[in-house]
Amino acid sequence: MASPTHFSLLFIVFLSVLSTSVRGSGFSVYLIHHDAPQSPFYNPLDTLSDRMQKAVHRSINRANHFKKISSETYSSNQDDDTISTSTSRIGVEFLMKFSLGTPPRNLFAVADTGSDVTWVQCKPCEDCYNQISPHFNPTASSTYKDVPCATETCERLGTHHKNTCENNVCQFLAKYGDGFQYSTGNLAIETLTFVSISGRSIQVPNIAFGCGRNNNIEKLSGLIGLGGGELSLISQLGSKVDSKFSYCLVPSPNVSSEFIFGSNAEMTGKDVLSTPLISNPLQKTFYYLTLEGISVNENWIPFRSSSTSTEDTEGFQGDNYIIIDSGTTLTYLPDEMYSQFESQVKKAIGFEPIIGPEEFRLCYLIDESMKFPEVIVHFMDADIKLDLVNYFLLLDSGVMCSSFAPANGGPYIYGNVAQINFLIEYALEEKKVSFKPTDCTRQG
């Protein structure tokens with residue numbers, strides 16, 4: 001259990017990813033948190049409460065749009081003759097620095113584990129956000145190549161649907177939210193360059209990306225897709241990074257940030273807990289885990305959902321599956337399961353809850369005499385013991401609110417607050433996700 005003294009130390013602002021040294025093969029790159037001073041989204045006038053509530057609004061929007069597409073794969077847009085990748089609302093929690101083209105043009109884009117297609121704004125741009133850095137100019141790069149329609153790369157973009165062309169060039173359409181946010185343009189091949197934490201320049205040639213010339217997305221200059229789909233950056237790097245990556249989330253956006261690619265992401269030790277990574281053939285983008293239950297002070301709460309079905313759909317059965325996602329703030333549980341969780345937490349704390357901000361279901365005024373329950377998340381083969389920072393958030397006003405919420409019919413998401421102070425490795429070939437309890441602020 002966390003003590004009141006530890007409580008105030010644990011709740012420092014929000015999330016980032018920790019810097020560590022590169023080990024073995026692979027490389028590590030810096031990330032910028034949404035609320036970091038270097039971020040284009042940073043507002044110095046925002047209070048901690050403002051940032052938390054905005055993060056929760058982003059989380060709610062993201063969960064709502066996950067719900068719309070959780071049973072979809074790529075779909076064809078018949079109206080404008082382009083291939084559409086219908087994805088979630090963008091999870092603008094972390095941004096990644098990189099360079100594109102030859103000579104390299106410095107850019108930054110949202111790093112999103114809930115999307116696949118990497119894209120940037122390109123010249124000539126019919127409708128683009130006026131970003132700080134110039135739009136990428138394909139004609140100024142010696143390594144830029146448009147992707148013809150009759151190619152395997154274009155087929156991978158539209159796996160289940162007819163591919164279409166414009167002047168024999170494969171087109172992409174990445175849609176977000178309700179479809180009014182989108183990026184569209186040519187699918188192309190380019191060289192990406194990353195500056196690793198160690199200072200090495202890492203060139204990655206022949207990466208397929210979207211050269212967006214019509215981008216109706218406010219304040220977004222591009223996106224790096226880190227999902228499980230065929231054209232995500234992770235999938236394209238494949239054996240070059242041993243199909244592995246990891247991160248370690250910390251409570252503050254001001255700590256140096258890092259995303260680790262390759263075998264240096266591997267974890268060892270008896271405290272490493274691994275759970276199977278589940279593949280959904282209907283939606284390859286998302287990373288699914290099997291959630292068996294949650295215990296609160298040894299009171300077992302089984303996974304329960306009236307919306308799940310026992311029917312197997314093309315080899316994927318939805319019962320007990322939860323998406324692990326770095327771009328969603330809250331953890332969303334089946335309604336009945338959440339109700340039992342809330343009831344057990346209330347019972348353990350013993351204080352009368354207060355009415356908090358409308359986005360939160362369970363809130364308290366902080367009291368020095370409060371005692372908090374032991375909460376363990378039971379994935380298949382992995383029992384993850386949470387600290388207080390993983391299931392409560394602190395607001396400016398001395399109010400704390402639970403970071404768990406009901407999903408209102410799904411999908412179910414294991415959010416980034418629950419991932420704080422765990423080194424988390426995704427091993428895609430081995431089909432497992434591993435957790436190691438870690439003081440992420442001291443790692444490296």
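This report walks through the annotated residues, a small sheet and the nonpolar cores of one structure.

## About the model

Please keep in mind that this is a predicted model, in which local features need pLDDT of at least 70, side-chain atom pairs count only at pLDDT 80 or more, and totals for chains, interfaces and linings use all residues. Residues are numbered from 1 along each chain as its sequence is written, and side-chain values use heavy atoms, with hydrogens and water left out.

## The annotated pair

A good place to begin is with Asp-112 and Asp-325, which the unreviewed UniProt entry annotates as "active site". UniProt positions appear in the numbering used here, feature names are shortened, and such annotations may be inferred rather than shown by experiment. The two residues are spread over 214 residues of sequence, yet they cluster in space, with a largest C-alpha distance of 8.7 Å.

Asp-112 belongs to strand S7 (residues 105-112); helices (H or I, at least four residues) and strands (E, at least two) are DSSP runs, numbered from the N terminus. Asp-112 is buried at 0% relative accessible area, where buried means under 20%, exposed over 50% and partly exposed in between, using a 1.4 Å probe and protein chains only.

Asp-325 sits in the loop between strand S20 (321-324) and strand S21 (331-333), and with 1% relative accessibility it is buried. Thr-328 is found in the loop between S20 and S21 and is buried as well, at 0%. The side chains of Asp-325 and Thr-328 share a polar contact of 2.5 Å. A polar contact is a pair of N or O atoms within 3.5 Å; within protein, one must be able to donate a hydrogen and the other to accept it, and residues adjacent in sequence count only if both atoms are side-chain atoms.

## A three-stranded sheet

Next, look for the open, antiparallel sheet with the strand order S22-S26-S25; strands pair if DSSP finds at least two bridges between them. S22 (363-365) and S25 (392-394) are the edge strands, each with a single partner, so one side of each has no neighbour in the sheet.

Three bridges link S25 with the antiparallel S26 (residues 399-402). Phe-392 stands opposite Ser-402 in S26.

## The nonpolar cores

The largest nonpolar core has 86 residues, and Met-96, Phe-194 and Tyr-414 are among those with the most contacts inside it. Such a core is a set of buried Ala, Val, Leu, Ile, Met, Phe, Trp, Tyr and Cys residues joined through side-chain atoms within 4.5 Å. Another core, of 20 residues, lies apart from it and includes Cys-149 and Phe-172.
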